[in-house]
Amino acid sequence: MKAMFYDAFGQMPVIAEVPDPTPGEDGVVIEVGASGVCRSDWHGWMGHDPDIRLPHVPGHELAGRVVAAGRNVRRFKPGDRVTVPFVSGCGRCAECRSGNQQVCPDQFQPGFTHWGSFARFVVIDFAETNLVILPDSVDDATAASLGCRFATSFRAVVDQARLRPGEWIAVHGCGGVGLSAIMIAAALGARPVAIDLSDEKLAFARACGALATVNAAAAPSVIEAVREITGGGAHVSVDALGHPSTCFNSIANLRRRGRHVQIGLMLGEQATPRIPMAQVIGQELEIYGSHGMQAWRYDAILSMIEAGRIAPQKLIGRRIGLEEGIRALTTMDRSDAIGMSVITSFG
């Protein structure tokens with residue numbers, strides 16, 4: 001099969017012929033119909049993820065059709081259209097048994113712990129625990145766009161932050177994660193404020209439901225701008241980028257007893273950002289991480305899509321081929337593209 005392949009971190013990937021995969025007894029092989037290109041893939045390519053072993057095929061946001069299943073797989077069969085959370089649980093440990101597969105200590109991550117979906121076929125282990133059947137109304141590209149950014153944002157906003165109607169939520173960074181968070185927050189009846197360096201991205205954020213915007217390059221203080229807009233600070237704030245400055249601002253712009261959720265990865269030299277801990281203590285702020293979403297929670301997203309309450313397909317900027325995916329991956333850290341890129345052609 002054709003796959004995007006690299007054997008050294010930070011060096012240009014190539015399109016190569018690699019062996020077709022076969023499923024283990026608890027896994028399936030999926031023929032990939034679509035695979036999103038995410039900043040997490042860029043972090044992996046740069047060598048920021050210790051789970052990756054070279055040589056490697058990246059890609060973790062995927063949807064497609066089951067073409068082979070292991071002997072222990074009963075709930076899924078060839079022909080089923082499926083997607084999968086980028087963090088998949090083993091199904092056997094205490095966390096998985098409690099329903100928290102997203103923090104499974106033996107988790108399976110396509111594109112990180114194993115070869116991923118920038119390829120014609122991908123193996124998914126622990127299929128019974130992790131696969132999600134797709135309704136006919138949700139196409140592969142839309143389903144792939146859920147796998148990391150949208151699902152992670154959904155869990156961050158709905159489950160971790162417990163966002164309520166009428167509350168102000170500040171979203172720092174208007175890439176795929178941030179725009180997803182804004183769309184979800186607006187659908188819940190909350191009041192999103194979008195923060196970014198790009199006026200073009202901020203305009204798109206308004207189209208996704210942001211009630212106000214802050215250009216971080218122009219504002220003398222992002223923190224004060226958010227406090228002024230929200231009348232004292234956001235109830236919830238999200239760092240959707242993953243940078244020391246956005247992390248700090250997201251915590252510092254909260255009102256008393258506000259909730260911060262860190263979605264953007266903080267890896268490499270940025271792994272230990274500065275935090276305004278005196279404010280956290282004195283104002284009883286809450287700080288949460290958000291790491292993917294469990295397969296069993298996908299019903300909530302899919303039902304909102306089918307009801308027309310959210311439209312994640314609007315966040316897809318480009319549908320590209322596997323070869324074009326190389327540039328999309330390697331320029332992720334400096335791209336000003338609006339919306340996400342999804343690979344829909346695999347050659």
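A residue is called exposed when its relative accessible area is over 50%, and partly exposed when that value lies between 20% and 50%. With this cut-off in hand, we can walk through the structure above, which is a predicted model.

Let us begin with the backbone. Most residues other than glycine have a negative phi, and most peptide bonds are trans. Against this background, R257 deserves a look, for its phi is near 65°, a positive value in a residue that is not glycine. R257 sits in strand β12, which covers residues 254–262, and because its relative accessible area is 53%, R257 counts as exposed. A positive phi is also found at R162, where the angle is near 55°. R162 belongs to the loop between α4 (140–160) and β8 (168–172), and its relative accessible area of 33% makes R162 partly exposed.

The peptide bonds offer a further point of interest, since the bond that leads from L54 to P55 is cis, with omega near -5°. P55 itself is in the loop that runs between α1 (39–46) and β4 (61–69).

We can now turn from the backbone to the empty space. Rolling a probe the size of a water molecule over the atoms shows where such space is left. The second largest pocket holds about 200 Å³ of space, and its lining includes R75, F76, Q101, W296 and D299. Two or more lining residues come from each of α3 (127–130), β7 (132–133) and α10 (298–306). Sorted by class, the lining of this second largest pocket consists of 7 nonpolar, 2 polar and 3 charged residues.

Definitions and conventions
Residues numbered from 1 in each chain as written. Predicted model: local features only at pLDDT ≥ 70, side-chain atom pairs only at ≥ 80, totals over all residues. Heavy atoms only, no water. 1 Å grid on protein atoms, 1.4 Å probe; cavity = no way out; pocket = protein on both sides within 12 Å on 5 of 7 lines; lining within 4 Å. Points joined across faces, edges and corners; volume = space filled by probe spheres on them. Helix = DSSP H or I, 4+ residues; strand = E, 2+ residues; numbered from the N terminus. Nonpolar A, V, L, I, M, F, W, Y, C, P; charged D, E, K, R; others polar. Buried < 20%, exposed > 50% of the residue type's maximum accessible area, 1.4 Å probe, protein only.
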